[in-house]
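Open the model in your viewer and have the selection tool ready. The stops below are meant to be followed in order.

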Amino acid sequence: MILKLARNKPVGCKKHLKDKSSYCALCVFSSLILMFTITSCTHQALDKNEMKKFDIVTIEALENKDVLTKPARDVEFPLSTADQEVIQALKEKFAHENMAGLAAPQIGVHLRIIVFHVDKIALEFREDVEALVPLTVLINPSYESIAANGTNNDWEGCFSVESIRGKVDRYKTISYQGFTPEGKEVKGVANGFLARLLQHEIDHTNGILFTSRLKPENVQGPTEEMIKLRKQEIEERKAKCD
Ligand SMILES: [Zn+2]
């Protein structure tokens, strides 16, 4: 479940994926905390009509501007049936769309709830995956940067931004906190891709899209062009690795 990967090595190298011999204490700590936050919603799967009201909203449609660009509301405990439905919808949408993370504002719900995981597929696209993380729900999440560890610049896209992708500067390490759906407080430290993912998703609950983190000097552009550029980068890294 927990993979320790060497830093600064190209992605896509099978030999690196074999390196499971040493575990980073921080990764183990963070992953253990996160594993305790896995939640099993006892609700039945939502039907098609119920899911439709939770369709993904995009910034390109003007009516979604408020929900995507204003801070969301805190969730109160114990969760209401409506809150539990939102969590169920996030999980179902998440599984269906093969995402790394999803925040409630992205399905038109102005609440501070996120779901995320770090799956094996991330190993193919990211150089800085330090541990795999199972599906996790965090409520009222927040983060603080650990600025001393610096920042890195890497690709980001978003299901709520159809037109643009780019490379965003993010803190390499953050401390984060939030609550499980049962109201239990969760605290941890995240590194590398997990730190990026949490910053992106928690930003959604603060009404911040990755596009507002793009600086003029960052690589950015229309989605199709950026997908090609990213694919090219991955191929080049793989070629160096072989
Ligand atoms: Zn997003």
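The tour goes from a sheet to a helix lying across it and then to the nonpolar cores.

This is a predicted model, in which local features need pLDDT of at least 70 and side-chain atom pairs count only at pLDDT 80 or more, while totals for chains, interfaces and linings use all residues. Residues are numbered from 1 along each chain as its sequence is written.

**The sheet**

Select residues 151-158, strand S4, and residues 161-171, strand S5. Helices (H or I, at least four residues) and strands (E, at least two) are DSSP runs, numbered from the N terminus. S4 and S5 run antiparallel and are joined by seven bridges; two strands count as paired if DSSP finds at least two bridges between them. Two residues separate the strands, and together they form a hairpin. To check the register, pick Asn152, which is opposite Arg170 in S5.

Now add residues 220-222, strand S8, which is antiparallel to S5 and joined to it by three bridges. Here Ile164 has Pro222 as its bridge partner, and Arg165 is opposite Gly221.

With these selected you have an open sheet of three strands in the order S4-S5-S8, with antiparallel pairing. S4 and S8 are the edge strands with a single partner strand each, so one side of each has no neighbour in the sheet. From one strand to the next the twist averages 15°, with axes fitted as lines to C-alpha atoms (for helices, over the stretch in contact) and angles running from 0 to 180 degrees between N-to-C directions.

**The helix across it**

Select residues 192-205, helix H7, which lies across S4 and S5 at about 125° to S5. Within this selection, pick Leu198. Beyond neighbours within four places in sequence, Leu198 contacts Tyr143, Ile174, Tyr176 and Ala190; contact means C-beta atoms, placed from the backbone, within 7 Å.

**The cores**

A nonpolar core is a set of buried Ala, Val, Leu, Ile, Met, Phe, Trp, Tyr and Cys residues joined through C-beta atoms within 7 Å. Buried means that 20 or more other C-beta atoms lie within 10 Å of the residue's own.

Select Val86, Leu90, Ala104, Ile113, Leu194 and Leu198, which touch the most other members of the largest core, a set of 39 residues. H7 gives this core its largest share, six residues.

Last, select Val67, Cys158, Val168 and Phe210, which are among the six residues of a second, separate core.

Conventions
Two residues are in contact if their C-beta atoms, placed from the backbone, lie within 7 Å. A residue is buried if 20 or more other C-beta atoms lie within 10 Å of its own, exposed if 12 or fewer, and partly exposed in between; C-beta atoms are placed from the backbone.
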